[in-house]
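Visitor: I am new to this structure and would like to learn how to read it. Could you take me through it feature by feature?

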Amino acid sequence: MSGTVTAPARRVAPIGEALLALLGIAAVILAAWAVPWLKFILTVALAKGIAVLGILLLLRAGQVSFGHSMFLAIGAYTVAFLAPALPEALLLLPLGAAIAGLFGLVIGLFVVRYRDIFFGMLNLALSMVLYSLLEKLYSLTKGTDGIRVSGLRFAGITPDLATQEWVMFGLALGLAILFGLLVRAYLGSPMGRALAGIKTRETRLEFMGVSARRVLLAAYVLSAVMGGVAGTLVAMTSRHVTPQLAYWTSSGELVFIAVLGGAGSALGPFLGAAAFELVRVYAAAAVADAWQMILGAVLLLVILFAPGGLWGMLAGRLGRRP
Amino acid sequence: MGAWFSENGLLIGLALLDGLANAALIFMVAVGLNLVFGVLRIVNVAHGSLFAIGAYAAASLGLFLASLGLPPAFGFAALVVAAALVGGLLGPLIERLVLRRIYGQEEVLQLLVTFALFMILEDVQKLVWGVQPILQDAPMKLLGTVEVPFGEDTIPFTAYQLFLLPGVALATLVGLAWFLRRTLTGRVIVAVTTDKEAAMAMGIDAAKVTLLTFTFGAALAALGGALASPTTSLVPGIGAQTIVLSFAVVATAGLGQIEGAAISALMIGLGRSIAVYLAPEFEVVVPYLIMVAVLLVRPQGLFGVLETRRV
Amino acid sequence: MSGPLLSARGLRLAFGGVKAADGIDLDVMPGEFLAIIGPNGAGKTTFINMTTGYLKPQGGSIAYDGEPILGLAPRAIVRRGIGRSFQLPQLFAEHTVLENAALAIAARSGLWSPLTPLLRPAWRAEAMAVLERFGLAPLAEARADALNEGARKLADIAMAVALQPRLILMDEPTSGVAAAEKMSVVETLVRVLREAKVTAVFVEHDMEVVERFADRVAVWNQGRIAALGPPQQVLNDPAVLRDVIGIEPAHHA
Amino acid sequence: MTLALSRRAAMLGAAATSGSLLFAGGQAGAQQKPTELRVGITTFLSGPASVFGVPARQAADLLFEEINKAGGIAGIPVRAFYVDEGPGTDHLVGEYRRLVQNEGVHIVFASISSGSCLACTPLSDEMKKTTLLWDCGTQRIFEEGPHPFAFRTQGYGTPEVLAPLLYLLKHKPEFRSIAVINQDYAWGRDSWELWKAGMDALKPGVRVLAELFPRFNSTDFSTEITRLLALRPDVILSTSWGGELVTLIRQASERKLFERSTFVLPVAEASLQQLGKAMPQGHVIGARGDHWNNHPKPKDPARFKRFVDTYRAKYNEYPIYPCHHMAQAIAAMQAGIARAVAAKGGGWPNDQELANAFRGLTFDSPTSSITLREDGQGLEDQIVGLSTFTDKFAFAVPKDMVIFPAAMVSTPVGQKSVPWLKSLKPEILDQMPAPIAG
C-alpha cells in the first residue's frame, strides 16, 4: 500500500514541493483572473484549506476531530458580531483567529485527555452544542437564517465589489501561503514530529519526559486558530454566516477534504479543498439534486483506491521520475 | 422549592412519559451502532441512513399493504418485515462491498468511508422516495389513546408511544442480553468484541461474525426507523439528526455497552423532555451536555471499561 | 563510597490476588550493572514500571539520589535522570532512526519551538553521535519500522541513552534478538553505557549474558527478591537453580 | 474520472468550459438580443424544504416547456439553471455568483428560504442583476433598505399572518388565551412577532400560555403536545410547514388536541394533500396567497384549471402554493421582459432597463392581478378559511373563505411591519369582506 492518510507515503524533495506550490499558486491566480466567478470559489477553497491544515496536524497525531468546523464558525461569527461596530477587516481577522484560539485552548484542555473515537465524538458533541446555541439564541444570532456581514473596510478603505473580491482572494492566498509554511515548519519541528508519537507510542513520549497532552494541546490550539482564520475569511467572502457552518456535516467535510488532499504535505489540504469545491460546484451545476451522492462516491473511491489522497498520487508520480 | 414542585411536579411527570418513548427510539438506534462498533471497531456514520431507509421502507410497505385492502393490523407486520428487509439486504451489501476493504486501516479512513456512504444514501433516499413528506400512521392509530390523569384533567397519550415503543425497546434489550450471553452465536460476538485476535486464534471465523453483526446492527437501525415511522412524517434529513444523537448516547454509555446504551438513552430522552418544560431553549443542547458531563467524570463513558473492552 | 543511586524499600503491589511486589527492598549502587532474573510473572517488569512512575505501588518508598520519587509522573522521573527501555521497542515507527534519536535529544533539551527543525545541525550531529556509538549510523536514514529486531532494540536503548540518564532500566534488552547477534548487541550496549557512566538495571533471561556482564544479580520470585549477589555466587545457589531458574543451564559446569 | 481530478486539471477544465462565457452578461451599451433567455433559479432540491423546492421546480419545468413550445419569451427560448439552496447560504452566494458571472443568466429567481433571500438581495444590488424573490416571506427585505434590482412577485409575512389573525378575530372573537408552536428559525420567530404585534393592538389582554419553538426539522412533538394539552389554550398558532406541520397535525389530532383548541395554520395549504382525511375540520387555514384549488372566483378560471390539470397529469399530484408562486414569478418575468422590450422599441434591454421595467409592473396570475409596488413588493391577495372536506377533493380545503385584498393587509410603503401592526385599530375588522361559502 502506498502510504496512508496520516503518514506520508514517500517524501518528495523539498525543492519539488516548493515547485509544486509555486505552480499551484500561479494556477490559482491565473484561474481567478481568467474566470471571475472562480475567484469566489477559490477564495473559499483557500480558506477551507487553511482550516484543513489544522485537521492535518491532528491527523498526524492519529486523532480525528469530527467537530472542527466549530472553530470556523467561531471565527465567522466573530466577524458577524463585531463587523457593525468594528468594520475593519484587517482587525477582525486577527480577532477572529485569537478568539477561536482562546476557545481552542479551553476546549483543548478538556479534549486532549481523550483519544481516538472519544476525541472525535467529544469534538462532535461540543460543535453540536455550539451549533444548537447559534441556532437557538435567536435574538443574538438570528437563528438558522444567519447574519449578514456588510460594510467591511480594508485598512480604512471601502473598496468596490470587484476590488473587494480581489482583496479577499489575495488575503486568503497570502494567509494560505503563510499558514502552509508555518505548518510545514511545525511538522518538521520536534513538536510536529512528536505528534506522530501520540498515534502509536504515547508511552515513549512520556518516558522521554514529554507531556503527550501538551504536544496535542499545542497542535489543537494552532488548529483552532487556523479554523478561526478560515472562518473569518469565509465570513468576509460569502458575507453571510449561518449556524450550518458548525453542523457536524461541515466538520465531516473538513475531514473529507483532508483525506481527499492527502496528509502527506501542507499542500494536501489546498489540493483537497480546491478539488472538493470544484467537484461540488460542477456536480451541483450538472445534477443539482444528486451532488451529495457524487461527492460521496468520490470520497469512497479515493479512500478505497488512493488512500494517500491527491497529494499521495502526485507524490507517487513525482517519486517515479528519474 | 416545595411550592415549585407541587406546581411543576405533575408536569415533569408528564414529561417523563414523553421522554420514555423518545428514549426507546434512540436506544434502538444506538444499541445497533454500539454492537457494530464492538465487533467492527467502526463508528458507522451511515447507521443514521439505515434508520431513515428503514422508516421509509416501513411506511411504503405499510401503505402498499393498505392499498391491497389488508386490515391496518398488517401495518405492524410491515414494520418488522421492512426492518428485516433493509437490514438483510443493505447490511451485507455495505459490509461485503465496502467495509470489508477497509478493516485494519486507519480509523479516520473507516469513519470517512461510512461518511461517504451516508452522503450517498442520503441522495438515494431522495431518488427513491422523493422529497414530499411520507406518513403511514395506521399502527399508531390502531392502538388508540390512553387517558392519563393530570390533576382534575386527563391528558391523552397514544398507546403506541406510551406502551409499544418502550415495550419493544425493553424486549430488545432483554432479548439482546440473552442472545449475547446464552447463545453460541452471541458468545462468539462477545468473544470477538472482547479480543479479536484471541477469538480468531481460537478458530472463530471473524469474517462471518463481522458480517452477521453488521447485518444485525443494520436491522436494529432499520427497526428503530420503522418503529419511528408511524409517529412522524418522513422527510429528507432525518438520518443526519438521528445518527448524531446516537453518537451522544453511545459515547455516554461507553463503547460496546448494551445495557449502558439503554441507561444513557433514558437519561438523554428524559433530559430532553424535561428541558422542553423547564428550559425549551436548551432542549437540543441537553444530549451533548449530558455526554460532556459524563465524559468529564468518566472518560470511558458510564459503563465503559478502560483498555479492556467488552460487550 | 557514596550511598545508593536508587533505593527501594518495602514496595508492595498486587493485581487482584497476584502479588507482583511483596516487600521489595533493593539498593542500586552508582556505576553498577544489576541484572534481574526470575520466572515470568515474578514481578520484574512491575519493578521497572514502579520505579519509572508508570505504576504506583500500594506501599513502600523509592528514593533516587536520596530523594523520594514515588508519586511523580513518568515524565518528571525521566527528567531527574532515570531512563528506561522497553521489552517491545517503543520507536516512532514512521520516523527515521535519526529522527527518533533527535526527538529524544530535543525532548531532553526541552526546546520545543515549533519553528525549529528537528534536524537542526546541533541535534542532528548529536543524534548521529549517539547512533554511531550504538553502531546504528548506517541505518540512520531508515524508517524505524524497517529495522530488524536487534537494531530496533538498540535504537530503543539509544533513545533512552540520548536522554543522558544517570540510571537506565532495561526490560529484556536481548529478547527477540537473533542468537547470532545477541552477544554483539550486548557488548555494544555495555560499552556505550560504561563510556557514558550510566548505572544500569536490566531484566534478562539469558544466563550467559548475566554471567558475563552483570556486577550483581537479583533473583525475583513471586514478588520477592529471593537472592541477591554477584553472578558467580547467585547462579550457583542450588535453591535459586531449583526454584527460580528451574532448569540447569547446560553451559554451567 | 473525477478521482484523477488534480488541481491543475480542474483549473484547465474550468477555464475551458467557461472560456466562451467569460464575457457573457456584460452590462451597458448596445445589447444584442441573446439566443436564449437564461434564468437562474435557486430552490431547495435537498433537505426538508425540498418539499417546496422540488414541486416548484416541476412547475417551472412544465411552464418553460409550454412557453418554449409557444415560441419563447420575446422570441427567444427560455433556459433554466437550477441551484440547490440545501447546502446552505455560504454555498448559495457562491452559486449566485456563478449564475451571474459564469452562466451569464439574464435574471435570477431567488429562493424559498428567507435567509437565502437576505443573502441574495445584496448580491443583486452589487451585481446589478434583476432578481425576482419568488417565494421567501421575510418582511425585512424591503423594509430595511431599498434593493433597486429585487422584486417580490408574491405576498410576504405580514399579510400572510395578518389575514389569518383578522379571520380568527372575526370567527372566534371570544378567545382568551393562545399558545404558539413554530419552527425555530426566522419565519417561525418573525411570524410570531408579527402576530403578537397585531393581536395586542386588535385584542389586548389575550394570555400567551406558551411560546414553543422546537428546533427546525424536528421529527417529534410529543412533549410539546403534552404541554399544550395540559395548558388548554383556546387557540394554538403554528406557522410551521412541510413534514414538521404534517407530523404536528398528525400527532396532535391523534391525541385530541384539535378538540381542545382551535388551530390557526397560515401555511397549511402545502401539507393538506399529504394529510388527506387526517386534517381535522373547522380550523383556520391559509395558503400564503389566494391560490386554493377551490378558489371561489379565480380571475382566469380556464388558465387556472389548465395549470392545475397539466401539473396533475404530469406529476400525479395537485400543485401546492410554491408551484403557484413559481408560476407568478414566471408570469412576472414574461410581463416584465415584454415591457422592457417594448420600451426599447423592440431592442433588448440591458440590466438596468430590465429592472426598470419591473417597477410598478402589473401582471396576471391565474387567480388575480399582482402589482409590484414602488419598493419592489408584490401585492397578492390572501384567502383564509376553515378546513373542511368536499366531494371534489380527497384532502381538506377551506370553506367560509375571506378574500383579503392585498393592500388592506400589507404594510404601506416606507413603514415597518411591527410598528404598523401595533398601530392597527379594531375598525380594520369592519373592512373585512364577507366570507364566501366555497
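Visitor: Let us start with the hairpin of E1(B) and E2(B). Which residue there takes a positive phi?
Guide: This is a predicted model, so keep that in mind throughout. In that hairpin, B:Gly151 has a positive phi near 60°. Two residues lie between the strands.

Visitor: How do the strands E1 and E2 of chain B pair?
Guide: The general idea comes first. Strands of a sheet pair through backbone hydrogen bonds, and the sense is either parallel or antiparallel. Here, E1(B) covers residues 145-150 and E2(B) covers residues 153-158. Their pairing is antiparallel, with six bridges. For a single position, take B:Val148: B:Ile155 in E2(B) stands opposite.

Visitor: Where do these strands fall along chain B?
Guide: Chain B has 12 helices and two strands. Its pattern along the sequence is α-α-α-α-α-β-β-α-α-α-α-α-α-α.

Visitor: What does the radius of gyration say about chain B?
Guide: Compare it with the value for a compact globule. For 311 residues that value is near 19 Å, and chain B has 20 Å, so the two agree. The C-alpha atoms of chain B fill a box of roughly 65 × 55 × 35 Å along the principal axes. Of its residues, 59% count as buried. Now take the contacts in chain B between residues at least 6 apart in sequence: 77% of them join residues at least 24 apart.

Visitor: How many residues of chain B are in contact with chain D?
Guide: Count each side separately. Chain B brings 34 residues and chain D brings 29. On the chain B side, the elements giving two or more residues are helix H1 (2-40), helix H5 (138-143), E1, E2, helix H10 (238-253) and helix H11 (258-278). The largest share, six residues, is from H1(B). By class, this side of chain B has 19 nonpolar, 11 polar and four charged residues.

Visitor: How many residues do chain A and chain D each bring to their contact?
Guide: Chain A gives 44 residues and chain D gives 38. Several helices of chain A supply at least two residues each, including H1 (14-34), H2 (36-60) and H12 (268-286). H12(A) has the largest share of the chain A side, with seven residues. That side has 28 nonpolar, 10 polar and six charged residues.

Visitor: In what order do the strands of the open sheet in chain D stand?
Guide: A sheet is read strand by strand. This one has three, in the order E11-E12-E13, with antiparallel pairing. Strand E11 (362-364) and strand E13 (378-379) of chain D each have a single partner strand, so one side of each is left without a neighbour in the sheet. E12(D), residues 369-372, is joined to E13(D) by two bridges. In one of these pairings, D:Leu372 has D:Gly378 as its bridge partner.

Visitor: That leaves chain C. How many helices and strands are there?
Guide: Chain C has nine helices and 10 strands. Its radius of gyration is 18 Å, close to the 18 Å from the globule rule for 253 residues, so chain C is as compact as a globular protein of that length. The C-alpha trace spans about 55 × 40 × 40 Å along the principal axes.

Visitor: What share of the residues of chain C counts as buried?
Guide: The share is 45% of the 253 residues. For contacts in chain C between residues at least 6 apart in sequence, 67% join residues at least 24 apart.

Key
Residues are numbered from 1 along each chain as its sequence is written. Chains are lettered from A and ligands numbered from 1 in the order in which they are written. This is a predicted model: local features need pLDDT of at least 70, side-chain atom pairs count only at pLDDT 80 or more; totals for chains, interfaces and linings use all residues. Helices (H or I, at least four residues) and strands (E, at least two) are DSSP runs, numbered from the N terminus. The radius of gyration is taken over C-alpha atoms; the globule rule is 2.2 Å times the number of residues to the power 0.38. A residue is buried if 20 or more other C-beta atoms lie within 10 Å of its own, exposed if 12 or fewer, and partly exposed in between; C-beta atoms are placed from the backbone. Two residues are in contact if their C-beta atoms, placed from the backbone, lie within 7 Å. Two strands pair if DSSP finds at least two bridges between them. Ala, Val, Leu, Ile, Met, Phe, Trp, Tyr, Cys and Pro count as nonpolar, Asp, Glu, Lys and Arg as charged, and the others, Gly among them, as polar.
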